[in-house]
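Work through these exercises with the structure in view. Try each task before you read its solution.

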Amino acid sequence: MTVWIVPLAVTGILLYGALRRVDIVSSFLAGAKDGLQTAASILPSLILLLTVIGMLRASGGLEQISNCISPLFQWLGIPPETAPLALIRPLSGSGSLAALEDVLQTYGADSIAGRTAAVMMSSTETTFYAVAVYYGAVGVKRSRYTIPCALVGDLIGLLASAWIVRLFFF
């Protein structure tokens, strides 16, 4: 049944448009044009973000920062092995997936670090990526309180994930 959901949805949309006498081709082309304009407006922000992430990882800066904050993580009850994930998660979804994979391969999925990393991954957001994409799409120039509030939310998610894993699993 799930194989048919997308084809049926597309067919339903086309039939609805035909019944309403909508010029489907011109509507599709207008939507595609808007999508390309949105992509073009977002692209500079994404290039900057991905360049910074690449430079941070390639230079070893991520490891240096992780080593510096590991004692703080230990004090807060967060497994220090999750520090790279905590640092990269607000920046990049794919980078944080790589960090999660590294934790899971090194320490195992059933370890406290593995479980904390998995919960951390699902309870935090790629804040800077989301702001770059969504604010870039609508042309917002000043984010004002968005980034500080979102980073506080990420911090709360980070702390809560470590504490909840300890509470329920260890």
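## Exercise 1: Fold and overall form

The protein has eight helices and zero strands. Helices (H or I, at least four residues) and strands (E, at least two) are DSSP runs, numbered from the N terminus. This is a predicted model: local features need pLDDT of at least 70, side-chain atom pairs count only at pLDDT 80 or more, and totals for chains, interfaces and linings use all residues. Residues are numbered from 1 along each chain as its sequence is written, and side-chain values use heavy atoms, with hydrogens and water left out.

Task: Write the order of elements, then decide whether the protein is a compact globule or more spread out.

Solution.
- Step 1. Start at the N terminus: the order is α-α-α-α-α-α-α-α.
- Step 2. The radius of gyration is 21 Å, well over the 15 Å that the globule rule gives for 170 residues, so the protein is more spread out than a compact globule. The radius is taken over C-alpha atoms, and the rule is 2.2 Å times the number of residues to the power 0.38.
- Step 3. Add the spans: the C-alpha trace covers about 65 × 40 × 30 Å along its principal axes.

## Exercise 2: Confidence

Task: Find which helix has the lowest confidence and which has the highest.

Solution.
- Step 1. Know the scale: pLDDT is the predictor's confidence in each residue, from 0 to 100.
- Step 2. Take the whole protein: the mean pLDDT is 89, and 100% of the residues reach 70 or more.
- Step 3. Compare elements: confidence is lowest in helix 7 (residues 127-138), at a mean of 84. It is highest in helix 6 (residues 112-123), at 95.

## Exercise 3: A valine in helix 8

Task: Is Val 165 buried or exposed, and which residues does it touch?

Solution.
- Step 1. Place the residue: Val 165 lies in helix 8 (residues 146-169).
- Step 2. Apply the cut-offs: buried means under 20% relative accessible area, exposed over 50%, partly exposed in between (1.4 Å probe, protein chains only). Val 165 has a relative accessible area of 1%, so it is buried.
- Step 3. List its contacts (heavy atoms within 4.5 Å). Leaving out residues up to four places away in sequence, Val 165 touches Ile 112, Arg 115, Thr 116, Val 119 and Phe 170.
- Step 4. Check a distant partner: Ile 78 is 87 residues from Val 165 in sequence, and their C-alpha atoms are 9.8 Å apart.
- Step 5. Step back to the protein: buried residues make up 30% of its 170 residues.

## Exercise 4: Two arginines with positive phi

Task: Where do Arg 21 and Arg 144 lie?

Solution.
- Step 1. Recall the background: most residues other than glycine have a negative phi.
- Step 2. Read the angles: phi is near 60 degrees for Arg 21 and near 50 degrees for Arg 144.
- Step 3. Locate them: Arg 21 is in the loop between helix 1 (5-19) and helix 2 (24-58). Arg 144 is in the loop between helix 7 and helix 8.
- Step 4. Check the surface: Arg 21 is exposed, at 77% relative accessibility. Arg 144 is exposed too, at 58%.

## Exercise 5: Sequence and space

Task: How far apart in space are Val 138 and Ile 42, and Ala 160 and Ser 143?

Solution.
- Step 1. Val 138, in helix 7, is 96 residues from Ile 42 in sequence and 9.2 Å from it, C-alpha to C-alpha.
- Step 2. Ala 160, in helix 8, is 17 residues from Ser 143 in sequence, yet 26 Å away, C-alpha to C-alpha.
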